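Open the model in your viewer and keep the selection tool ready. This tour goes stop by stop, and each stop says what to select and what is there.

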Amino acid sequence: MRSAFIIIPLVLLAAACGSGEDDPAADSSSDTTSTVVTAPPTVSPPTTATTVPRTTVAATTAPATTTPATTTAASVTTEPAPAVLGQELVGRWAHYDVVAYEDGDLKTLIISYGFNDFSEVDGEIIDAASFCFSEQRTDQPIQTSLSDAATQAIKPPPTPIEVVERDGELVVTRAATPTPVGIRLDDPANESLPSDPADPRIVDDDGDGQPGITVTITVSDDLMGELYIARREVFAWEATLVEPDLLEGVVTDNSEQLVIGASDPIFATSGANWMQFPDPARNPIILQRVDDTWDCERLAAERDQLFPPTPDVDW
């Protein structure tokens, strides 16, 4: 997440049943008596066989023995789902970043604060970024500021982050997700800002009654005013997990700005798009893990316990 705003400018087996088999048994015997006549020889009378009545043994059927049904669970080997690289990042992180800009006349630092909420969705780590408040520093006796309402109007879309392991450390990259503020764009990723300050797509995103978002400018006690701008925020960052609860890295910014108007024409001269000063040391990002109860109010109150002092323009 990065706010480069406001430059002033996822068997059963069948039961086996055992059954008994009938085995009928029968016992049969016979007794034959013969009378032998020795003399005179005669023809022996027919032999009469006395048949002993057949004794029938009643067949006894053994009671059927039923083997209890055996349920055999199918042997299934479930491989654990592969761990998602970066799972340890899931949760809320307080956000601090600095973007350094310059043109021929003025050098500016934009310091932004907010939250990055990392979640795991379908095997990816998703970053939902939000802003809370911001600070600005210049190299001249000019103070510029943006209201919290204007800062919070910058709402980048949730996006997957890339997590890789490099030299034994997790490196996180958040690609740019172009985000309009003070104007509506149908295709923020491909549309540039219009050049016409009267473009009908310009909206009062900070709710102060003025077009776009408002930058307050103080030159002196006697010279103060407002600048009305629209922006297309285009920022990306890469950070390394240097401790379990700390990410540190660098921001890259290619945002665009349109000056819509000003409370006094003297403040309406900063229409150029500033360029980021190409020094990684002056464009840091720090993410510090916090719990889900943290909100913008607590972040403002405990900012000094989480992040370094606000830097000055020193190049």
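**Stop 1: the disulfide.** This is a predicted model. Begin with its cysteines: a search of the whole structure turns up 1 disulfide. Select C132 and C296, the two residues that this disulfide joins, with an S to S distance of 2.0 Å. Which parts of the chain does the pair link? C132 sits in strand β7, residues 124-138, and C296 in helix α2, residues 296-301. These are distant parts of the chain, 164 residues apart.

Now look along the S-S bond. The torsion about the bond between C132 and C296 is about -75°, so the disulfide is left-handed. Turn on the surface and check each end. Is C132 buried or exposed? C132 has a relative accessible area of 1%, so it is buried. C296 comes out at 28%, so it is partly exposed; the partly exposed range runs from 20% to 50%.

**Stop 2: the whole chain.** Zoom out and switch to a cartoon view. The protein chain has 3 helices and 19 strands. Of its 315 residues, 38% are buried. Show the accessible surface of the chain: it comes to about 17,800 Å². Carbon and sulfur atoms hold 53% of that surface.

**Stop 3: confidence.** Colour the chain by pLDDT. The mean is 82, and 72% of the residues reach 70 or more. Then select residues 8-62, where the pLDDT is below 50. Beyond near neighbours in sequence, this stretch has 43 contacts in the model. Read the placement of residues 8-62 with that low pLDDT in mind.

**Stop 4: the largest nonpolar core.** In soluble globular proteins, nonpolar side chains tend to be buried together. Select L89, F118, W237 and L247 and show their side chains. These residues have the most contacts inside the largest nonpolar core, which has 21 residues. Which strands each supply at least two residues of this core? They are β5 (91-102), β6 (107-121), β11 (169-174), β15 (235-243), β16 (246-253) and β19 (284-290).

Stay on L89 and list its neighbours. Leaving out residues up to four places away in sequence, L89 touches F118, I161, V163, V172, L241, L247 and R289.

Next, select L109, C132, F133 and W294. They are among the 20 residues of another core, which lies apart from the largest one. C132 is familiar from the first stop, where it was joined to C296.

**Stop 5: a buried arginine.** Select R174, found in strand β11. Its relative accessible area is 0%, so R174 is buried. What lies 3.4 Å from a polar atom of the R174 side chain? The backbone oxygen of P157 does. Show P157 and R174 together to see the pair.

**Stop 6: two aspartates in loops.** Select D122, in the loop between β6 and β7. Its phi is near 50°, a positive value in a residue other than glycine. With a relative accessible area of 61%, D122 is exposed.

Finish at D167, in the loop between β10 (162-166) and β11. Phi of D167 is near 55°, again a positive value in a residue other than glycine. Is D167 buried or exposed? D167 is at 76% relative accessibility, so it counts as exposed.

Conventions. Residues are numbered from 1 along each chain as its sequence is written. This is a predicted model: local features need pLDDT of at least 70, side-chain atom pairs count only at pLDDT 80 or more; totals for chains, interfaces and linings use all residues. Side-chain values use heavy atoms; hydrogens and water are left out. A disulfide is a pair of cysteine sulfur atoms within 2.5 Å. Helices (H or I, at least four residues) and strands (E, at least two) are DSSP runs, numbered from the N terminus. Buried means under 20% relative accessible area, exposed over 50%, partly exposed in between (1.4 Å probe, protein chains only). A nonpolar core is a set of buried Ala, Val, Leu, Ile, Met, Phe, Trp, Tyr and Cys residues joined through side-chain atoms within 4.5 Å. Contact means heavy atoms within 4.5 Å. A polar contact is a pair of N or O atoms within 3.5 Å; within protein, one must be able to donate a hydrogen and the other to accept it, and residues adjacent in sequence count only if both atoms are side-chain atoms. Accessible areas come from the Shrake-Rupley method with a 1.4 Å probe; for residues, only the protein chains shown count as cover. pLDDT is the predictor's confidence in each residue, from 0 to 100.
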